[in-house]
Amino acid sequence: MLVDSHCHLDFPGLVEQLPAVIDRAKAAGVEHLLCIGVNLEDFKKMMVLLDDYPNVFASVGIHPNTPYQEEQEPDAGALAALASDPRVVAIGETGLDFFRSKGDLEWQKQRFKTHIEAATFADKPLIIHTREAAQATLDVMRAASAQTVGGVMHCFADEWEVAKAALDLGFFISFSGIVTFKSADSLREVARRVPDDRILIETDAPYLAPVPHRGKTNEPAFVRATAACLAELRGQSLAEIGRMTTENFFALFSSATRISSESMPQDAG
């Protein structure tokens, strides 16, 4: 049993073939998925898209690279209200990205703080994106008391010191296909050190397909390759990684309801 804890099923490359994508995930042993919200404009469409899939959960949030528009920036109450939908199990993805966004990024920090406040109101965990902004991300997390709600550092790609700081705040660390890349030696060392009860796996599909699927559109079924890589790195079986990461997923996203294989649609869509 596996869980893809971060994917974008409503993005081009996946949405056009969604029933087949869900079927392939199930065939690969991926029984639950978390589809991540990145803006409010598309949130309602995303939720309608997921109506037929009780094993797919959702999050609500505005990605840090979504351009700033003062009149459209949500307040914490508005985000928390959207998170009241029982299918929404988290706030995000949110965070800081100094790679794609440039200039004065105070707006990005404020948006991040708003999401942390919303998570507190909704009592749901955070999904955090950080790129070339690790220290600033940790600083905002501490200042806004993100540890009171917890969450996950998604698609983790930083050094052990960053992982340790996030772990100390009670956060989980999620590994994507990046951990399988030839150039990712330092990340593989982090993957060996994260405690059993704080590790998650994800695809970030349709991006970052793991070895041996590099060059293809990533999809939830491919999370199995990331799990297999972690099993080898950590000296554990694939079954152990599946069990651990599944238990960790439901421990973190505590409002998510497990769906048995028997109750899933046999012909999704």
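Here a biologist and a modeller talk about pockets and rings in a predicted model.

Biologist: Why is the pair of Phe57 and Phe250 called edge-to-face?

Modeller: The angle decides, since planes over 60 degrees apart count as edge-to-face. The planes of Phe57 and Phe250 are 90 degrees apart, with 6.3 Å from centre to centre, so the pair earns that name.

Biologist: What makes this pair a tie between parts apart in sequence?

Modeller: Phe57 belongs to strand β3 (residues 56–60) and Phe250 to helix α9 (residues 238–252), so the pair joins parts 193 residues apart in sequence.

Biologist: How do you know whether Phe57 and Phe250 are buried or exposed?

Modeller: Buried means under 20% relative accessible area. Phe57 has 5% and Phe250 has 10%, so both count as buried.

Biologist: And why do Phe249 and Phe250 count as a pair?

Modeller: Ring centres must lie within 6.5 Å. Those of Phe249 and Phe250 are 5.2 Å apart, and the planes meet at 80 degrees, so this pair is edge-to-face. Ring pairs also link Phe57, Phe249, Phe250 and Phe253 into a cluster.

Biologist: What makes you say that the charged end of Arg131 sits over the ring of Phe99?

Modeller: One part of the test is a distance within 6 Å of the ring centre. The charged end of Arg131 is 3.7 Å from the centre of the Phe99 ring. Arg131 also helps to line the largest pocket, and is among the residues nearest its centre.

Biologist: How much space lies in that largest pocket?

Modeller: About 550 Å³, and the lining has 9 nonpolar, 6 polar and 6 charged residues.

Technical notes
Residues are numbered from 1 along each chain as its sequence is written. This is a predicted model: local features need pLDDT of at least 70, side-chain atom pairs count only at pLDDT 80 or more; totals for chains, interfaces and linings use all residues. Side-chain values use heavy atoms; hydrogens and water are left out. On a 1 Å grid over the protein atoms alone, a cavity is a set of points where a 1.4 Å probe fits but cannot get out, and a pocket is an open set with protein on both sides within 12 Å along at least five of seven lines; lining residues have an atom within 4 Å of a point. Grid points are joined across faces, edges and corners, and a volume is the space filled by probe spheres set on the points. Ala, Val, Leu, Ile, Met, Phe, Trp, Tyr, Cys and Pro count as nonpolar, Asp, Glu, Lys and Arg as charged, and the others, Gly among them, as polar. Rings of Phe, Tyr and Trp (its six-membered ring) pair if their centres lie within 6.5 Å; planes under 30 degrees apart count as stacked, over 60 as edge-to-face and the rest as tilted. Helices (H or I, at least four residues) and strands (E, at least two) are DSSP runs, numbered from the N terminus. Buried means under 20% relative accessible area, exposed over 50%, partly exposed in between (1.4 Å probe, protein chains only). A charge sits over a ring if NZ of Lys or CZ of Arg is within 6 Å of the ring centre and within 35 degrees of the ring normal.
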